Amino acid sequence: SENDRPSLPSCSSLRRHLRPRRAEHVPPFLHNADAATRSSFFAVLQAYKNKPEPQVNAAVDQWASAQSPSVKLAYTNFKAEVEKYQKEEESAHSAALAEFSPAARNADQELSKIAAQQGLSFEAKQQKINYINSLDEGVKQEILKAMGGPQ
């Protein structure tokens, strides 16, 4: 259902969807998991919190491969959903680019370069993406509106 969809900001990654938004939030594939399974998952995230995204994703994939069949299946389904929504985002992004002002296109190009940097940790990437806050307010709002964020 619509409420079960992971919220996907532009230039999303699997890691972004794995991070809890609130202390009580767990990813959908852990909704029916026991406390020990949840704890082991968050321990992996904690251990890899300063690692580049490919390393985090590989560690989570390895963690999932060692879980019960129901958690493995839920994780596989979760990853498929994330990939589906990322493709939808890419289509929406392409459509938005066609409408962007030249300044917004330039800023978007910079943000896309940041998002594509695979060697950065999640936190380092987020700090670089804060570049958006230095933009002219009109350009910033144009990009945020296209991302479905606050205006």
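D61 is partly exposed, with a relative accessibility of 28%. In this predicted model, D61 forms a salt bridge with K79. The structure holds three salt bridges. The chain around them has seven helices and zero strands.

**The D61–K79 bridge**
- The closest N and O atoms of K79 and D61 are 3.0 Å apart.
- K79 lies in helix α4, residues 69-99, and D61 lies in helix α3. The pair therefore ties together parts that are 18 residues apart in sequence.
- K79 is partly exposed, like its partner: K79 has a relative accessibility of 22%, and D61 has 28%.
- Partly exposed is the class between buried, under 20%, and exposed, over 50%. K79 falls in that class because its value is 22%.

**The K125–E53 bridge**
- The side chains of K125 and E53 also meet in a salt bridge, at 2.8 Å from N to O.
- This pair links distant parts of the chain, 72 residues apart. K125 sits in helix α6, residues 122-129, and E53 sits in helix α3, residues 53-65.
- Are these two residues buried or exposed? K125 is buried, at 5% relative accessible area. E53 is buried as well, at 6%.
- Both count as buried because their values, 5% for K125 and 6% for E53, lie under the 20% cut-off.

**The E110–K113 bridge**
- E110 and K113 form a salt bridge through their side chains, with 3.4 Å from N to O.
- Both residues belong to helix α5, residues 102-116. They are three residues apart, so about one helical turn separates them.
- E110 is partly exposed at 34%. K113 is partly exposed too, at 46%.

**Helix α3**
- Helix α3 has 13 residues, and at 1.5 Å a residue it should span 18 Å. Its end C-alpha atoms are 18 Å apart, so the span agrees with the expected value.
- Which residues of α3 are buried? They are E53, V56, N57, A59, V60, W63 and A64.
- These buried residues cover an arc of only 160° around the axis, so they lie on the same side of α3.
- E53, the partner of K125 in a salt bridge, is one of the buried residues of α3.

**Helix α4**
- Helix α4 has 31 residues. From its first C-alpha to its last, α4 reaches 46 Å, close to the 45 Å expected.
- The buried residues of α4 are V71, Y75, F78, V82, Y85, Q86, E89 and A96.

**How α5 and α6 pack**
- The axes of α5 and α6 are 9 Å apart, and the two helices pack at an angle of about 175°.
- How do α5 and α6 run relative to each other, parallel or antiparallel? They are roughly antiparallel, because their angle of about 175° is over the 145 degrees that this class requires.
- On the α5 side, L111, I114 and A115 make the contacts. They meet K125, K128 and I129 in α6.
- K125 thus appears twice: in the contacts with α5 and in the salt bridge with E53.

**The chain as a whole**
- Read along the sequence, the pattern is α-α-α-α-α-α-α.
- The chain has 151 residues, and 34% of them count as buried.
- Among contacts with a separation of 6 or more, 55% come from residues 24 or more positions apart.

Notes
Residues are numbered from 1 along each chain as its sequence is written. This is a predicted model: local features need pLDDT of at least 70, side-chain atom pairs count only at pLDDT 80 or more; totals for chains, interfaces and linings use all residues. Side-chain values use heavy atoms; hydrogens and water are left out. A salt bridge is a side-chain nitrogen of Lys or Arg within 4 Å of a carboxyl oxygen of Asp or Glu. Helices (H or I, at least four residues) and strands (E, at least two) are DSSP runs, numbered from the N terminus. Buried means under 20% relative accessible area, exposed over 50%, partly exposed in between (1.4 Å probe, protein chains only). The expected span of a helix is 1.5 Å times one less than its number of residues. The arc is that of the directions from the helix axis to the C-beta atoms. Axes are lines fitted to C-alpha atoms, for helices over the stretch in contact, and angles run from 0 to 180 degrees between N-to-C directions. Angles under 35 degrees count as roughly parallel, over 145 as roughly antiparallel, 65 to 115 as roughly perpendicular and the rest as oblique. Contact means heavy atoms within 4.5 Å.
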